[in-house]
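Colleague: Could you take me slowly through a single part of this model, and then show how what lies around that part fits in?

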Amino acid sequence: MAHSHSKPRSKRPASTPEETAVLREDSQMDFAAAQAPEPRAALGVHRSDAAFRPIIFQRDESVIHLGNVRDLYARWAAPTVIVSDGAYGLGSFPGDPHTIDGLAEWYRPHIEAWTRHALPETTLWFWNSELGWATVHPLLVEAGWEFRNCHVWDKGIAHIAGNANTKTLRKFPVVTEVCVQYAKRTSFEQGGVRMSMKDWLRYEWIRAGLPLWKTNDACGVKNAATRKYFTADHLWYFPPPDAFDALARYANAHGKPAGRPYFSRDGKRPMTGAEWSRMRAKFKCDAGITNVWNEPAVRGIERLKEKGQCIHMNQKPLRLLEMILRASSEEGDVVWEPFGGLCSATIAAHKLRRRALAAECVAEFFNIAIKRLDNYDIF
Ligand SMILES: C[S@@+](CC[C@H](N)C(=O)[O-])C[C@H]1O[C@@H](n2cnc3c(N)ncnc32)[C@H](O)[C@@H]1O
């Protein structure tokens with residue numbers, strides 16, 4: 001499919017040799033003829049054989065795959081962001097269970113894969129209903145994901161258009177969904193013991209045989225290092241890269257020679273400030289944003305329709321997706337959209353010059369999503 005009509009953007013090679021091979025092999029395919037297996041069958045069969053070649057569509061560095069995302073996780077470059085908008089337990093797309101029973105099991109293999117492939121800098125944005133999220137949350141925590149914030153998407157009173165049958169429903173009308181932010185729990189190992197980042201910093205300094213007050217000397221501050229970076233209480237601050245560099249330099253110059261290197265991940269050399277800064281999820285909050293997002297459900301030209309009917313019940317607003325991607329990633333970062341649908345997160349990622357990797361297992365949705373990625377910015 002040609003892109004001569006769209007904004008020119010240089011092509012960059014795919015990040016892994018496996019991925020490059022996949023892209024090359026499939027780049028000649030006829031997208032209009034893409035055929036997906038039956039969705040349910042596709043979800044049940046997990047292909048791990050080496051000969052497996054997914055059907056893909058690529059624009060610049062963003063790729064949409066047709067198929068079961070479980071076949072793809074291991075082939076994808078590691079993500080800085082994962083945008084999950086999967087099953088709700090509402091029967092809203094083929095394969096979505098009709099109740100929340102079984103929702104945790106539906107997500108289990110995906111959560112395992114996310115945990116396996118995520119980096120310390122990865123943020124997971126988990127979209128769902130309140131009850132769907134509550135059902136899956138324990139599994140996420142068990143797998144090593146740390147809760148950061150629950151964002152409430154308030155679609156406003158217009159969403160029910162005065163149609164709520166509250167006498168029958170016996171509850172107030174629901175006009176919300178949630179988008180819950182998680183970061184991968186980072187742990188450090190020292191002497192066979194796993195510990196948190198905060199404990200590791202203190203452990204390393206003490207292991208160097210230095211008194212804690214000397215951390216202030218190392219950072220050239222009056223008492224900010226002991227008060228913020230080396231406190232044992234909940235008011236702990238992550239030392240910025242330059243402070244980390246200064247601490248590591250000081251400990252390695254003045255600490256007991258026998259224990260060197262200090263502040264090292266590999267036991268060979270101290271970490272640099274730049275490496276340290278990648279040990280937590282990226283986050284930047286633009287002014288005026290809170291955890292309540294007032295945004296109508298997608299409508300107007302953004303809402304994709306066929307014969308007047310919405311094509312996908314779960315289409316998410318691009319404005320919200322752009323907001324979360326801006327907050328948790330930078331240009332060039334990899335964004336996973338494992339449950340693509342119409343691939344709204346991929347459109348937002350492409351627009352913001354991130355590298356999206358998306359999957360959709362239903363051919364009808366895939367075909368619309370690839371056309372959308374191909375021409376969303378043509379006016
Ligand atoms: C809730 S919708 C996503 C809607 C999307 N956020 C948007 O704005 O268009 C979930 C989609 O994930 C797809 N899906 C579910 N399980 C999948 C799997 N294992 N691999 C690939 N796609 C899957 C479904 O077919 C469905 O279209």
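Modeller: In this predicted model, Val334 stands opposite Arg355 in strand β13, and that pair belongs to a parallel arrangement in which four bridges join strand β12, residues 334-337, to β13, residues 355-360. Strand β12 also pairs in the parallel sense with strand β3, residues 81-84, over two bridges, and here Val81 stands opposite Val335 of β12. If you follow the side chains along β12, Val334 and Trp336 point one way while Val335 and Glu337 point the other way, and all of them are buried.

Turning from the strand to the ligand, you will find 22 residues around it, of which Asn314, Phe339, Gly341, Leu342 and Ser344 come nearest. Sorted by class, this shell holds nine nonpolar, nine polar and four charged residues.

A helix can be read with the same care, and α4, residues 130-142, is a good one to try. Its 13 residues reach 19 Å from the first C-alpha to the last, close to the 18 Å expected at 1.5 Å a residue, although a kink of about 35° lies at Val136, shortly before the proline Pro138. Gly132, Val136 and Leu140 are buried in this helix. An α-helix has 3.6 residues a turn, so residues three or four places apart point the same way. The buried residues of α4 pack against α3 (103-117) and against the strands β4 (123-128), β5 (145-154) and β6 (176-184). Just after the helix α4, Gly144 takes a positive phi of about 105°.

Note on methods: Residues numbered from 1 in each chain as written. Predicted model: local features only at pLDDT ≥ 70, side-chain atom pairs only at ≥ 80, totals over all residues. Near = placed C-beta within 6 Å. Nonpolar A, V, L, I, M, F, W, Y, C, P; charged D, E, K, R; others polar. Expected span 1.5 Å × (residues − 1). Bend = angle between axes of the 7 residues up to and from the residue. Buried ≥ 20, exposed ≤ 12 C-beta atoms within 10 Å, placed from the backbone. Contact = placed C-beta atoms within 7 Å. Pairing = 2+ DSSP bridges.
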